[in-house]
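Let's take a walk through this model together. Have the sequence and the 3D view open as you read.

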Amino acid sequence: MAYQNYPVNECENLASLVLQSASAFGQRTAFCEKRDGVTVTYSYARLGTDVFSLVAALSARGLVGARILIAGQNCYHFVLSFLAVTAAGCCAIPVDHAADAEAFEALAKRTGAQAAILSPDFIPKSDRLPSSVRRFSFADLDDLIAEGDALSVDPSALRLPEPDLVAAVFFTADACRGVMLSHRNLCFDAAAVCKMVEVRPDDVFLSVLPIHHAYEMTCGILVPLLSGAKIAFSEGLRYLTREMKEYHPTVLNCVPYLAEVMYQKVMAGIRRQGLEGHVKNMIRVTSAILPEKAALAAKRRAFSFIHKSFGGHLRLILTTGAPADPTVMRGFRKFGILAIQSYSIVECSPVAAINRDRFYRATSAGLPMPETVLDIYDMNEEGLGEIRVKGKNIMLGYFDDAETTKAVLKNGWFYTGDLGFFDPDGFLRVIGRKKNLVITASGKRIYPEEIEALLNENKLIAESLVRIVPDRSAEGVHVEATIHPDRVAVAALRDDNPKQRAAVEIRAAVDELNRILPPTKRIKRFTVSASPLPRTPSGRLVR
């Protein structure tokens with residue numbers, strides 16, 4: 001099915017993106033954040049002035065082409081530093097704010113960094129850096145901007161970075177590999193997202209994902225900047241409820257786990273108030289309205305009491321990092337909030353596929369991006385194989401790792417290491433990592449993520465982790481699982497001892513699943529965990 005892309009003013013480098021947005025959106029608010037309990041705002045015009053004044057100051061200090069570390073929590077000064085460093089033709093290296101002094105020192109040595117721009121609370125972690133690495137605090141930026149402004153450099157007269165220059169090195173979730181992304185990579189990917197999902201100048205993005213990740217920088221910062229939207233920085237997840245009511249976000253980028261927690265809280269509130277019957281009836285009535293746009297508007301009115309807890313204006317939730325629970329995605333839509341997921345991987349800047357806002361599937365990671373190609377390589381008889389991608393969003397390579405780069409970049413294709421297939425409508429379904437695939441002694445294939453998805457379909461199971469354990473059987477392995485129950489669903493059980501009842505029900509769910517699974521995939525043992533399963537910052541289960 002063909003859908004027209006939304007119009008986007010594209011750029012080939014991040015300096016042009018800043019200039020274009022500052023000119024187009026002027027005094028519109030670009031950013032807002034809390035500072036000492038007071039809300040501070042920054043306009044698009046202010047952003048443009050600050051960026052190029054800082055460019056002038058960095059250039060005056062001879063930092064042209066330098067590699068510069070940036071560390072801090074989500075805030076205006078982090079974005080300002082990133083955009084100024086890249087606009088100056090330098091290479092930005094975003095750093096995890098939680099990194100300790102030893103890890104930071106190692107990263108500085110590994111990347112050959114010549115400077116670091118750090119939040120005041122991160123400065124003590126930089127004491128072990130050699131004196132050759134110049135250090136600046138976010139608190140110094142106003143003075144640097146004033147110095148640069150005094151130089152009276154005309155931004156239009158500056159030499160803008162070449163599109164294929166390395167703009168940033170983002171590290172993978174395990175911090176093992178640095179991914180070199182060019183200006184063209186980042187600008188192309190942000191524009192492609194805007195073509196598939198409408199972003200409006202009156203949108204408000206609430207920035208909650210770590211800003212040192214490529215996904216938040218592209219989808220949480222560059223996407224709204226291209227569109228003239230406002231970005232509000234969260235102070236942390238524990239403040240999320242308050243911030244939603246304060247900033248009234250319309251768009252939220254998050255990992256699936258956060259979306260699931262939000263949805264579970266909504267459902268728990270409905271049950272607590274005894275509104276299950278009323279809600280079910282209103283879902284049925286509003287879902288019958290055509291077209292879909294009118295149905296969503298009707299749902300927002302009918303479920304205003306739910307929307308109020310999200311600030312009253314939330315219209316779109318974008319998830320990434322791991323497969324989302326289809327029940328949660330459909331559930332938000334039933335209340336008038338469109339929840340769609342994307343397939344992102346740092347090497348693709350990072351979005352490789354995303355559901356359109358008018359053509360989507362709750363079970364899918366999305367559709368290929370405009371001007372990119374997604375392919376399934378070496379597929380089996382079921383259409384399953386390794387996902388590979390070709391397009392302008394593909395990384396330049398891994399930092400200081402030519403051997404690994406050569407292994408994953410071949411003839412313009414990036415081989416992701418993820419396994420997936422396309423459904424009949426062309427939507428990508430991601431099964432799991434190729435490295436997690438286990439082939440038994442008889443050649444049977446076991447995908448842990450596939451079994452987890454089947455387990456998680458049970459309403460009493462919040463999440464599960466499947467392990468393939470070696471043994472002395474004919475196949476050489478067997479399947480075990482750790483299951484974390486859904487606390488809300490367990491509490492809703494009508495029983496004198498809901499925990500004991502839940503254990504019985506989970507055993508029944510495993511037995512039922514084993515009846516439909518082939519022998520090699522059946523769960524031989526399982527344990528129940530009272531605590532949520534450990535996850536990486538991007539939301540993937542720690543295996």
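**Two sheets and a helix pair**

Strand 14 (residues 351-354) and strand 15 run antiparallel and are joined by two bridges. Here helices (H or I, at least four residues) and strands (E, at least two) are DSSP runs, numbered from the N terminus, and two strands pair if DSSP finds at least two bridges between them. One bridge to look for links alanine 353 with proline 368 in strand 15.

Before going further, a word on the ground rules: this is a predicted model, where local features need pLDDT of at least 70, side-chain atom pairs count only at pLDDT 80 or more, and totals for chains, interfaces and linings use all residues. Residues are numbered from 1 along each chain as its sequence is written, and side-chain values use heavy atoms, with hydrogens and water left out.

Now zoom out from that strand pair. It belongs to an open sheet of nine strands in the order 2-1-10-9-11-12-13-14-15, with mixed pairing. At the edges sit strand 2 (38-43) and strand 15 (367-368), each pairing on one side only.

Helices pack on this sheet, too. Helix 6 (residues 183-196) lies across strand 14 and strand 15, running at about 5° to strand 14. Helix 9 (residues 256-272) touches strand 11 (251-254) and strand 12 (316-319), and its direction makes about 125° with that of strand 11. Contact means heavy atoms within 4.5 Å; axes are lines fitted to C-alpha atoms, for helices over the stretch in contact, and angles run from 0 to 180 degrees between N-to-C directions.

Next, find the other sheet. This open one has three strands in the order 24-25-26, again with mixed pairing. Its edge strands are strand 24 (461-470) and strand 26 (523-528). Strand 24 runs antiparallel to strand 25 (residues 477-485), and nine bridges join the two. Within strand 25, alanine 481 stands opposite valine 466. Helix 15 (residues 448-456) packs on the sheet, touching strand 24, strand 25 and strand 26. Helix 17 (residues 498-516) lies across those three strands as well, at about 155° to strand 26.

Last stop: how do helix 3 and helix 7 cross? The axes of helix 3 (residues 76-87) and helix 7 (residues 214-227) come within 13 Å and cross at roughly 80°. That makes the two roughly perpendicular (a label for angles of 65 to 115 degrees). Phe78, Val79, Phe82 and Leu83 of helix 3 meet Met217, Ile221, Leu222 and Leu225 of helix 7.

Terms used:
Parallel < 35°, antiparallel > 145°, perpendicular 65-115°, else oblique.
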